[in-house]
Amino acid sequence: MKVVAFIGSPRAGGNTEHLVREILRGAQTVGADTAEFVLNKLAIRPCQGCDACKKTKRCRIQDDMQPLYDEILDADALVIGTPIYFWGPSAQTKAFLDRLYGIDVEGVREKLVGKRLLLTCAFADSDPATADNAVNMLRTGAEWFEMPFLDPVLAVASARGEVADQAETMQRAFEAGKTLATR
Ligand SMILES: Cc1cc2nc3c(=O)[nH]c(=O)nc-3n(C[C@H](O)[C@H](O)[C@H](O)COP(=O)(O)O)c2cc1C
């Protein structure tokens with residue numbers, strides 16, 4: 001079982017990073033191999049809508065998304081972590097998600113079927129609806145790709161890393177990681 005995680009916060013030591021790492025720690029305890037990528041450290045251009053991928057079966061933008069395509073296709077389960085920015089995913093996360101268009105092509109898309117997807121979000125507002133747009137975006141995407149979408153791990157946290165002190169939330173993240181990586 002290989003679990004690959006994508007961290008969409010630019011904030012090192014931030015809440016998203018803590019949540020994703022706790023999820024991966026849970027996955028590791030049930031034997032998963034894990035990898036993580038901090039999107040903000042990578043050069044990922046927004047999709048240009050050129051549709052070259054529909055002909056060549058591969059995005060033509062030669063940037064750091066190229067190795068991520070291979071990581072995704074090779075994984076059994078994916079974790080996407082994003083802070084909520086303006087009631088949606090961060091720009092880093094959205095650019096990454098849009099670039100999945102590059103593997104949404106016949107002959108490649110099928111390889112995603114059955115891979116599990118777990119979303120985790122951190123946000124400041126205690127209104128749980130704050131994450132609705134991001135959750136719905138990822139849930140719909142998962143349905144499109146026929147990827148089982150697990151219950152998201154949502155955390156109300158504002159200051160850098162404060163979620164690490166929320167034992168109940170961290171426990172939920174840990175358990176979600178175990179569930180994600182248990183066949
Ligand atoms: C540009 C920006 C936009 C934000 N927009 C929202 C928002 O719409 N709703 C909310 O509850 N929190 C919002 N926040 C707060 C963050 O979601 C919150 O601080 C979160 O814990 C950050 O996660 P991180 O530590 O992983 O970066 C925003 C923060 C920033 C910097």
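Q: Which elements each supply at least two residues of the shell around the ligand?
A: Helix H1 (15-29), strand E3 (77-85) and strand E5 (116-123) each do so. Helices (H or I, at least four residues) and strands (E, at least two) are DSSP runs, numbered from the N terminus. This is a predicted model, in which local features need pLDDT of at least 70 and side-chain atom pairs count only at pLDDT 80 or more, while totals for chains, interfaces and linings use all residues. Residues are numbered from 1 along each chain as its sequence is written.

Q: Which element gives the largest share of that shell?
A: The largest share comes from E3, with 3 residues.

Q: And which residues come nearest to the ligand?
A: Of the 18 residues around the ligand, those that come nearest are Ser 9, Gly 14, Thr 16, Pro 83 and Asp 125. A residue counts as near if its C-beta atom, placed from the backbone, lies within 6 Å.

Q: Turning to H1, how many of its residues are buried?
A: In H1, 12 of the 15 residues are buried, so the helix is largely enclosed by the rest of the structure. Buried means that 20 or more other C-beta atoms, placed from the backbone, lie within 10 Å of the residue's own. Among the buried residues of H1 are Asn 15, Thr 16, Leu 19 and Glu 22.

Q: What do the buried residues of H1 pack against?
A: They pack against E1, strand E2 (33-38), E3, E5, E6 and H6.

Q: Why is Glu 22 counted as buried?
A: Glu 22 is buried because 23 other C-beta atoms lie within 10 Å. Its place is in helix H1.

Q: Which residues is Glu 22 in contact with, leaving aside its neighbours within four places in sequence?
A: Glu 22 is then in contact (C-beta atoms, placed from the backbone, within 7 Å) with Met 170, Ala 173, Phe 174 and Gly 177.

Q: Where is the largest nonpolar core, and which of its residues touch the most other members?
A: This core has 40 residues, of which Val 3, Ala 5, Leu 19, Ile 23, Val 79 and Leu 180 touch the most other members. Strand E1 (2-7), H1, E3, E5, helix H5 (132-145), strand E6 (153-156) and helix H6 (167-180) give two or more residues to the core. E5 gives the most, with 6 residues. Such a core is a set of buried Ala, Val, Leu, Ile, Met, Phe, Trp, Tyr and Cys residues joined through C-beta atoms within 7 Å.

Q: What is Ala 5 in contact with, its neighbours within four places in sequence aside?
A: Ala 5 is in contact with Val 20, Ile 23, Leu 24, Thr 34, Glu 36, Val 79 and Gly 81.

Terms used. Two residues are in contact if their C-beta atoms, placed from the backbone, lie within 7 Å.
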